[in-house]
Amino acid sequence: MATLILNHLSKAYDGGRAAVNGVSLTVRDGGFLALLGPSGCGKTTLLRMIAGFEQPSDGSIVLGERVISTAEGVLPPERRNMAMVFQSYALWPHMTVAQNVGYPLKLRGVKGENLRRKTMEALDVVRLADLADRRPAALSGGQRQRVALARCLVTSPDVVLLDEPLANLDRHLRAAMEETFRDFHARSGATMIYVTHDQAEAMALATEIAVMSEGRFLQVAPPNEIYAHPEGRVVGGLIGQGTILSLPVGEGRERSLDRAACHALLLGEAGGSLCDVLIRPEHVRPAVDGIALQVRECVFTGERHALTLARADGSLLKAFSAERLAPGSMAVFSVERGWRL
Ligand SMILES: Nc1ncnc2c1ncn2[C@@H]1O[C@H](COP(=O)(O)OP(=O)(O)OP(=O)(O)O)[C@@H](O)[C@H]1O
């Protein structure tokens, strides 16, 4: 196992605009990094460079003590001790589950009892030992994905690369598979890099999230840190369901805003220049005293109601409420916390 380091890594295809533009990052041994960002921001290109399928235009990748990619040359994918799991599970239909999982070992000359034991150990990690003799056609989507995971685990890779592995599954199955991934990470101890454009998935799985936009990292931080203290409008808008308001913030430099500060800003009492302020729905609650807002929308989401509220100037805020509030009515809310972006 080893630490993975990206040093000012860039990639421009055919001399065009950089798909990845000078990114630097250290993924600690055994970490779980999610690469999160909109379509086309460079996530897959970065993952393919780490895997060794693409050569960087600039910068380098270091795994442990070894430089494995530079603009001058790359160590080929099969010599990196990494494994990649794709959206399409790419299982061989004519082989059983056990044969699919054991195949990478066979390629390395592992045979007989050793092959059988290592294959069954990998199937145990994804809890599929019972289905070792089935063919992929007789498995559910989630089970196929677990076979693909077992197959990448069987060679004990230092790094597992996952390119939107849940994108083809329905919502219910995705939730179950998130559990499998967490379990897989805990039991295998592998360093994992997981590409997704789903922020909830990234938050649920990763120990660190790198938010990407236009080939660059906007912020790299653990999920709770990135949720509480997002850097800038793009990250603030991408993570969670907050509202970003442009408010006069006065002289204050404090980024973390308490109830009194939030109310002063929302009532326009602070004056001064405008600044982006993020307010999360769980911090806006119906209250006895606070700020009067109009209820524009009230949607029952099962465990609570999701409210859209309008300020006097027409700008909107999101909130949660245990009770249903009638659209069109005025109500008083307390805004407990805010964050200056
Ligand atoms: N082989 C290629 N040749 C030329 N340009 C490419 C190639 N692969 C990707 N690109 C371009 O590089 C940019 C980044 O693409 P990339 O696939 O890395 O993004 P992504 O974040 O993974 O997107 P998605 O979520 O849609 O898969 C895009 O502008 C894309 O058009």
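These questions and answers walk through a predicted model.

Me: How many helices and strands are in the chain?
Reply: The model is predicted. Its C-alpha trace spans about 75 × 45 × 30 Å along the principal axes. The chain holds nine helices and 18 strands.

Me: What share of the residues in the chain is buried?
Reply: The chain has 341 residues. Among contacts with a separation of 6 or more, 65% join residues 24 or more positions apart. The buried share of the residues is 37%.

Me: In which order do the four strands of the open sheet with β1 and β2 stand?
Reply: The pairing in this sheet is antiparallel. β2 (18-27) and β5 (66-70) are its edge strands, each pairing on one side only. On average, neighbouring strands are turned by 20 degrees against each other, direction ignored. The order is β2-β1-β4-β5.

Me: Which residue in β2 is the bridge partner of Leu4?
Reply: Strand β1 covers residues 4-12. It pairs with β2 in the antiparallel sense over six bridges. The partner of Leu4 in β2 is Val27.

Me: Which residue takes a positive phi in the hairpin of β4 and β5?
Reply: β4 and β5 pair in the antiparallel sense over four bridges. In this pairing, Val62 stands opposite Val67 in β5. Two residues lie between the strands of the hairpin. The one with a positive phi, near 65 degrees, is Gly64.

Me: At what angle to β2 does helix α1 run?
Reply: Helix α1 covers residues 43-51. It lies across β1, β2, β4 (58-63) and β5. Its angle to β2 is about 60 degrees.

Me: Which element gives the most to the shell around the ligand?
Reply: The residues around the ligand include Gly37, Ser39, Gly40, Lys43, Thr44, Thr45 and His197. By type, the shell divides into three nonpolar, seven polar and one charged. The top contributor gives three residues, and it is α1.

Me: Which helix gives the most to the largest nonpolar core?
Reply: In soluble globular proteins, nonpolar side chains tend to be buried together. The largest nonpolar core here has 69 residues, and Leu35, Ala150, Leu161, Ile193 and Tyr194 touch the most other members. The leading helix gives six residues, spans 141-153, and is α4.

Me: Which residues does Ile193 touch, not counting those up to four places away in sequence?
Reply: Ile193 is among the five core residues that touch the most other members. One of its contacts is Val27, the partner of Leu4 in β2. The full list is Val27, Leu33, Leu35, Leu47, Ile50, Val159 and Leu161.

Me: How many residues are in the second, separate core?
Reply: This core includes Val249, Leu257, Val284 and Phe333. Its size is 20 residues.

Me: Which residue in β7 is the bridge partner of Met82?
Reply: Met82 and Met84 point one way from strand β6 (residues 82-85), while Ala83 and Val85 point the other way, and all are buried. β6 pairs with strand β7 (residues 159-163) in the parallel sense over four bridges. The partner of Met82 is Val159.

Me: Which strands stand at the edges of the sheet β16-β15-β14-β17?
Reply: This open sheet has four strands, and its pairing is antiparallel. Each edge strand has a single partner strand, so one side of each is left without a neighbour in the sheet. On average, neighbouring strands here are turned by 55 degrees against each other, direction ignored. The edge strands are β16 (316-321) and β17 (330-335).

Me: Which residue in β15 stands opposite Cys298?
Reply: Strands β14 (residues 284-300) and β15 (residues 305-310) run antiparallel. Six bridges join them. Opposite Cys298 stands Leu307.

Me: Which helix packs on this sheet, touching β14 and β17?
Reply: The helix covers residues 259-266. Its direction makes about 135 degrees with that of β17. It is helix α9.

Me: Is Ala319 buried or exposed?
Reply: Ala319 sits in strand β16. It touches Pro281, Val284, Arg285, Leu307, Leu309 and Phe333, not counting residues up to four places away in sequence. The cut-off for burial is 20 or more other C-beta atoms within 10 Å. Ala319 has 27 such neighbours, so it counts as buried.

Me: How many Å apart in space are Ala319 and Leu139?
Reply: In sequence, Ala319 and Leu139 are 180 residues apart. From C-alpha to C-alpha, their separation in space is 42 Å.

Terms used:
Residues numbered from 1 in each chain as written. Predicted model: local features only at pLDDT ≥ 70, side-chain atom pairs only at ≥ 80, totals over all residues. Pairing = 2+ DSSP bridges. Axes fitted to C-alpha atoms, helices over the stretch in contact; angles between N-to-C directions. Contact = placed C-beta atoms within 7 Å. Core = buried A, V, L, I, M, F, W, Y, C linked by C-beta atoms within 7 Å. Buried ≥ 20, exposed ≤ 12 C-beta atoms within 10 Å, placed from the backbone. Near = placed C-beta within 6 Å. Nonpolar A, V, L, I, M, F, W, Y, C, P; charged D, E, K, R; others polar.
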